[in-house]
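Reader: I'd like to go through this one label by label. Can you give me the reasoning behind each term as we get to it?

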Amino acid sequence: MRQIILSGYEQNPVLQDVAVPEPTDGEVLVRIAAAALNPLDVKLQRGQVHAYFPLTFPSAMGTDLAGTIEKTGSLASRWRMGDRVMARLDPTKGGAFAEYAIVPEDQLVIGPKDLHFSNAAALPTAAGTAWQALVETADLQAGQSVLVHAGTGGVGSFAIQFARGLGARIIATASGDGVEMARELGADQVIDYRTEDFATKVSDIDVVLDTIGGETQQRSFDVLRSGGKLVSTVAPPDPALATAHKVEGAFVFHASSAKRLSDLIKAIGAKGHSALIDGVFPIASFAEAFERQASGRARGKIILSF
């Protein structure tokens with residue numbers, strides 16, 4: 001089979017022919033139909049998250065996948081050949097950027113028949129992070145206001161839709177054609193960060209979802225109401241700043257969870273949410289797809305198709 005392999009930090013990932021793995025007890029072999037790139041893939045390649053996700057080289061790449069069951073490693077498995085499934089793999093092991101992958105049975109969830117494989121593959125990390133941040137951590141409620149930074153990014157695009165489904169008032173930051181995209185996703189107000197300063201446009205916000213970090217995160221404290229919440233997906237908020245502004249700060253470190261993925265799939269089906277797809281690339285064009293992901297200019301998710 002074909003698989004994307006990383007030989008070392010800062011090295012270019014390459015497409016290689018490798019043997020199809022065999023599942024053992026408690027595992028299944030998935031024939032992958034689509035896989036999604038994430039900012040994490042770029043950070044892993046650069047060695048920026050070695051402290052959290054140390055890699056052993058050569059290392060298979062990719063975490064988010066959708067496909068069908070090809071083989072099970074146990075006669076007692078609840079999965080059957082041909083079942084449509086979705087999963088998020090351990091980032092230190094990877095393997096989603098391939099024609100087949102071994103997946104622990106307890107990390108699989110059923111993929112809805114009416115959900116295209118490309119849309120299914122887009123969900124695990126991006127939608128899971130947005131769900132964990134807004135629903136589980138911020139406990140966003142109907143009638144509250146939320147500022148979503150980078151509203152047309154992978155996490156931000158799902159965050160807008162989840163917030164809309166929860167009945168919140170949504171302000172998003174975006175730029176260029178992303179301004180109109182954010183409105184179409186459900187944002188009530190969109191701030192073009194290239195020409196407007198969000199800190200002068202909004203105030204008394206209940207929740208800020210920070211997907212950028214740095215100065216943007218620091219200045220976001222100023223727009224929160226007393227008792228508000230700043231939830232970051234990129235770096236822990238400064239406790240001193242949180243105390244000074246009388247707000248809560250939280251860092252979401254997304255972890256694979258089959259239950260969370262099942263919950264958000266139900267929410268997506270009930271509310272009609274969908275993935276914002278930046279582009280779909282064949283596995284042979286992985287270098288182009290990876291360059292697009294590393295550029296930081298993607299509108300939504302970048303998908304690999306098999």
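Reader: What makes residues 154-166 helix H4, and how does its reach compare with the span expected at 1.5 Å a residue?

Author: Helices here are DSSP runs of H or I with at least four residues, strands are runs of E with at least two, and both are numbered from the N terminus. H4 has 13 residues, so it passes the cut-off of at least four. The expected span is 1.5 Å times one less than the number of residues; for H4 that comes to 18 Å, and the helix reaches 19 Å from its first C-alpha to its last, which is close. Bear in mind that this is a predicted model, where local features need pLDDT of at least 70 and side-chain atom pairs count only at pLDDT 80 or more, while totals for chains, interfaces and linings use all residues. Residues are numbered from 1 along each chain as its sequence is written, and side-chain values use heavy atoms, with hydrogens and water left out.

Reader: What makes H4 mostly covered?

Author: Buried means under 20% relative accessible area, exposed means over 50%, and partly exposed is in between (1.4 Å probe, protein chains only). In H4, 10 of the 13 residues are buried, among them Phe158, Ile160 and Phe162. Just after the helix, Gly167 takes a positive phi of about 85°.

Reader: Why is Tyr52 called exposed?

Author: Its relative accessible area is 53%, and exposed means over 50%, so the label fits. Tyr52 sits in the loop between helix H1 (39-46) and strand S4 (59-60). Together with Phe251 and Phe253, Tyr52 makes a nonpolar surface patch of about 300 Å².

Reader: How do you know that Glu180 and Arg183 form a salt bridge?

Author: The term asks for a side-chain nitrogen of Lys or Arg within 4 Å of a carboxyl oxygen of Asp or Glu. Glu180 and Arg183 have an N to O distance of 3.5 Å, so the pair qualifies. Both lie in helix H5 (residues 178-185), 3 residues apart, about one turn of the helix. Glu180 has 41% relative accessible area and Arg183 has 44%, so each counts as partly exposed. The whole structure has 12 salt bridges.

Reader: What about Asp192 and Arg194, buried or exposed?

Author: One of each: Asp192 is buried at 14%, whereas Arg194 is exposed at 58%. Their side chains meet in a salt bridge at 3.9 Å, N to O.

Reader: Which strands hold Arg225 and Asp206?

Author: Their side chains meet in a salt bridge at 2.4 Å, N to O. The pair links distant parts of the chain, with Arg225 in strand S13 (residues 224-232) and Asp206 in strand S12 (residues 205-210), 19 residues apart. Arg225 is partly exposed at 29%, and Asp206 is buried at 13%.

Reader: What makes one space a cavity and another a pocket?

Author: On a 1 Å grid over the protein atoms alone, a cavity is a set of points where a 1.4 Å probe fits but cannot get out, while a pocket is an open set with protein on both sides within 12 Å along at least five of seven lines; lining residues have an atom within 4 Å of a point. The search finds 3 cavities of 30 Å³ or more, and the largest holds about 80 Å³. H9 gives the most to the lining of that cavity, with 4 residues. The largest pocket has a volume of about 1400 Å³. Of its 49 lining residues, the closest to the centre are Pro39, Lys43, Thr211, Thr233 and Val234. H1 gives the most to the pocket lining, with 5 residues.

Notes: Patch = residues over 30% accessible without salt bridge, like charges linked within 9 Å, V, L, I, M, F, W, Y side chains within 5 Å. Areas by Shrake-Rupley, 256 points an atom, 1.4 Å probe, with all protein chains shown as cover. Points joined across faces, edges and corners; volume = space filled by probe spheres on them.
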